[in-house]
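Work through the exercises below with the sequence and the 3D view at hand. Try each task before you read its solution.

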Amino acid sequence: MKQRRTKFKFYRSTETVSRHFNAVLQAVLRLHRMLLETPIPVPADYQDNRWNWFQWREGPTKQKRRTWKKTEEDALMKCMLNEAAEMWKAENGFKMGYFTHLEKEFPKVLPGCTLKANPHIDSKVRYWKSCWARIVDITNLSGFGWDNVNKRIDVEQEVWDAYEKAHSQKAKGLYGKSFPYFDDWCVIFGKDRATGAAAEDYDEMA
């Protein structure tokens, strides 16, 4: 019975009902070892059909994100460069069937590899494109550059802090990180899309 109904039935306040209910509950919990038993799961081969609905079943496990090896990333990049990505490009990404095509070509570059189009290749390529697009946008802003030796964004700490404060999602995971495939990404994902028209300088970001 809800505490709201109980208080009207016994002419007591909600606080009083709640306090006494919790007192009884605490007493029961102290005696749980005597009053409560741990249920034993019904085995799958149990003969009594009345209890089949109580059989033990493992719940779904959360799938872990796969960690790519360097050799696999190198192979995927080589495969994409070999496959003339221009013919697979669509207005908002790649044409349908592109990742399946890469899955078939992948073992030719890396024999024995069992990576699938979905979710492995699909998610990796989308992640690469996201990084490339964000880097292109950022390096076209005033105060930002590209370190072609270390393959990372070249910027003063103060300028980066101001940008990260204003654009936390676009800045996430980019500062100080090396992106060795950036030149290849430019070939695969297209020319520099930024024109500088929307560029901010340090004062505007602050």
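**Exercise 1.** Is D183 buried, partly exposed or exposed, and why?

*Solution.* Start with the cut-offs: buried means under 20% relative accessible area, exposed over 50%, and partly exposed in between (1.4 Å probe, protein chains only). D183 has 38% relative accessibility, so it counts as partly exposed. Next, place the residue: D183 lies in helix 9. Helices (H or I, at least four residues) and strands (E, at least two) are DSSP runs, numbered from the N terminus. Last, look across the fold: D183 and W132 are 51 residues apart in sequence and 9.5 Å apart in space, C-alpha to C-alpha.

A note on the source: this is a predicted model, where local features need pLDDT of at least 70 and side-chain atom pairs count only at pLDDT 80 or more, while totals for chains, interfaces and linings use all residues. Residues are numbered from 1 along each chain as its sequence is written, and side-chain values use heavy atoms, with hydrogens and water left out.

**Exercise 2.** How many helices and strands does the chain have?

*Solution.* Count the elements: there are 10 helices and four strands. Then read along the sequence: the pattern is α-α-α-α-β-β-α-α-β-β-α-α-α-α. Now add burial: of the 206 residues in the chain, 30% are buried.

**Exercise 3.** Which kind of aromatic pair do W132 and F189 form?

*Solution.* Recall what to look for. A pair of aromatic rings is described by the distance of the centres and the angle of the planes. Rings of Phe, Tyr and Trp (its six-membered ring) pair if their centres lie within 6.5 Å; planes under 30 degrees apart count as stacked, over 60 as edge-to-face and the rest as tilted. The structure holds 10 such pairs. For W132 and F189, the centres are 5.9 Å apart and the planes make 45°, a tilted pair. This pair links distant parts of the chain: W132 is in helix 6 (residues 117-139) and F189 in helix 9 (residues 182-189), 57 residues apart. W132 counts as buried because its relative accessibility is 3%. F189 has a relative accessible area of 10%, so it is buried too.

**Exercise 4.** Which kind of aromatic pair do F144 and W160 form?

*Solution.* Check the geometry: 6.3 Å centre to centre and 70° between the planes give an edge-to-face pair. Place the partners: F144 lies in strand 3 (residues 144-147) and W160 in helix 7, so the pair ties together parts 16 residues apart in sequence. Both F144 and W160 are buried.

**Exercise 5.** Where does Y11 lie?

*Solution.* Find the loop between helix 1 (3-10) and helix 2: Y11 lies there. Check the backbone: phi of Y11 is near 55°, a positive value in a residue other than glycine. Then check the surface: Y11 counts as exposed because its relative accessibility is 72%.

**Exercise 6.** Is K151 buried or exposed, and why?

*Solution.* Locate K151 in the loop between strand 3 and strand 4 (152-155). K151 has a positive phi of about 55°, although it is not a glycine. The relative accessible area of K151 is 14%, so this residue is buried.

**Exercise 7.** Where is the peptide bond from N118 to P119, and what is its omega?

*Solution.* Find P119 in helix 6. The bond from N118 to P119 is cis, with omega near 15°.
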